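Below are my notes on the model you sent. They are set out as numbered points, starting with single residues and ending with the whole chain.

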Amino acid sequence: MEIALIILLSTIFGVSQKLADAVNEHRTILFYGSNIFFGILFGVSGIFFANMNSDFTEFFIGLIFYWLLSGKLDYFNHQLSACMIIGGVFVNTNCHFSTIFNFLFVVCSFFLLKYIKYLTKKTNSFTIVFFNGRFQHFILAIIMGVWFENIYLSISILCTMISILLTIKVLKINNNYYEIV
């Protein structure tokens, strides 16, 4: 039952995250107020995730901190969802914060991947396909699962990334998603 819930929440989280992003940055047209609607759905699903257990809490706090530091919270609906998740963590926290290493590991892992992507962006066809296909996130999912010793966290990250990629694919098929150049 827990795995089904994780897959469902991951799918909702990934789809709503991508749609919240797409209406602002990729000229996706859905319906009036869709940016706020998907920002709220993104935040609510994130609250459920962040409160599953302390591993998820520490991962999500690290992820949001990375988003903040890297300028990814650039639209109101992104900021709203991040605030909802942080608020949900503080209201209903199950995180022990006995060690800050997990939080820092998440932040540093994302920045390391971003740096590697920057260094190897146009070096050869393998790295172009690797980063354009977002395979680095699948490797990150495995690393996070090993670091936290939590297979459910890996499954969650994998399902979230798959749902993001499928959402992009559907939007592109419907000519409702434009790449940022």
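1. Met52 is partly exposed, with a relative accessible area of 22%. The cut-off for buried is under 20%, and exposed begins over 50%, so Met52 falls in the class between. The residue sits in the loop between H2 and helix H3 (54-69). Its C-alpha lies 13 Å from that of Ala4, with the two positions 48 residues apart in sequence.

2. This is a predicted model, and the positions discussed here should be read as such. The mean pLDDT of the protein is 88, and 94% of its residues reach 70 or more. By element, confidence is lowest in helix H6 (residues 125-132), where the mean is 80. The highest value belongs to helix H8 (residues 151-173), at 93.

3. Ser156 is in helix H8. Is Ser156 buried or exposed? Its relative accessibility is 3%, under the 20% limit, and therefore Ser156 counts as buried. Leaving out residues up to four places away in sequence, Ser156 touches Ile6, Ser10, Phe49 and Phe56.

4. Thr28 is placed in the loop between helix H1 (2-25) and helix H2 (34-50). Despite the loop position, Thr28 counts as buried, at 5% relative accessibility. Which residues does Thr28 contact, leaving aside neighbours within four places in sequence? They are Ala22, Val23, Leu171, Asn176 and Tyr177. The C-alpha atoms of Thr28 and Lys172 are separated by 9.6 Å, although the two residues are 144 apart along the chain.

5. Arg27 is found in that loop between H1 and H2 as well. Arg27 is exposed, with a relative accessible area of 56%, whereas Thr28 is buried. The backbone of Arg27 deserves a look: phi is positive, about 50°, and the residue is not a glycine. Most residues other than glycine have a negative phi.

6. Glu149 also has a positive phi, near 55°, and is likewise a residue other than glycine. Where does Glu149 lie? Its place is in the loop between helix H7 (135-148) and H8. At 75% relative accessibility, over the 50% limit, Glu149 therefore counts as exposed.

7. On the overall fold, the protein has eight helices and zero strands. From the N terminus on, the order of elements is α-α-α-α-α-α-α-α. The radius of gyration is 16 Å, close to the 16 Å that the globule rule gives for 181 residues, so the protein is as compact as a globular protein of that length. Along its principal axes the C-alpha trace spans about 45 × 40 × 35 Å.

8. On packing, 44% of the 181 residues count as buried. How are the contacts distributed along the chain? Among contacts between residues at least 6 apart in sequence, 75% join residues at least 24 apart. The pair Thr28 and Leu171 is one contact of Thr28.

9. On the surface, the accessible area of the protein comes to about 10100 Å². Carbon and sulfur atoms account for 70% of that area. The protein carries 10 positive and 8 negative side chains. The centres of these two sets lie 16 Å apart.

Conventions:
Residues numbered from 1 in each chain as written. Heavy atoms only, no water. Helix = DSSP H or I, 4+ residues; strand = E, 2+ residues; numbered from the N terminus. Rg over C-alpha atoms; globule rule 2.2 N^0.38 Å. Buried < 20%, exposed > 50% of the residue type's maximum accessible area, 1.4 Å probe, protein only. Contact = heavy atoms within 4.5 Å. Areas by Shrake-Rupley, 256 points an atom, 1.4 Å probe, with all protein chains shown as cover. Lys, Arg positive; Asp, Glu negative; His and termini not counted. Charge placed at Lys NZ, Arg CZ, Asp CG, Glu CD. pLDDT = per-residue confidence, 0-100.
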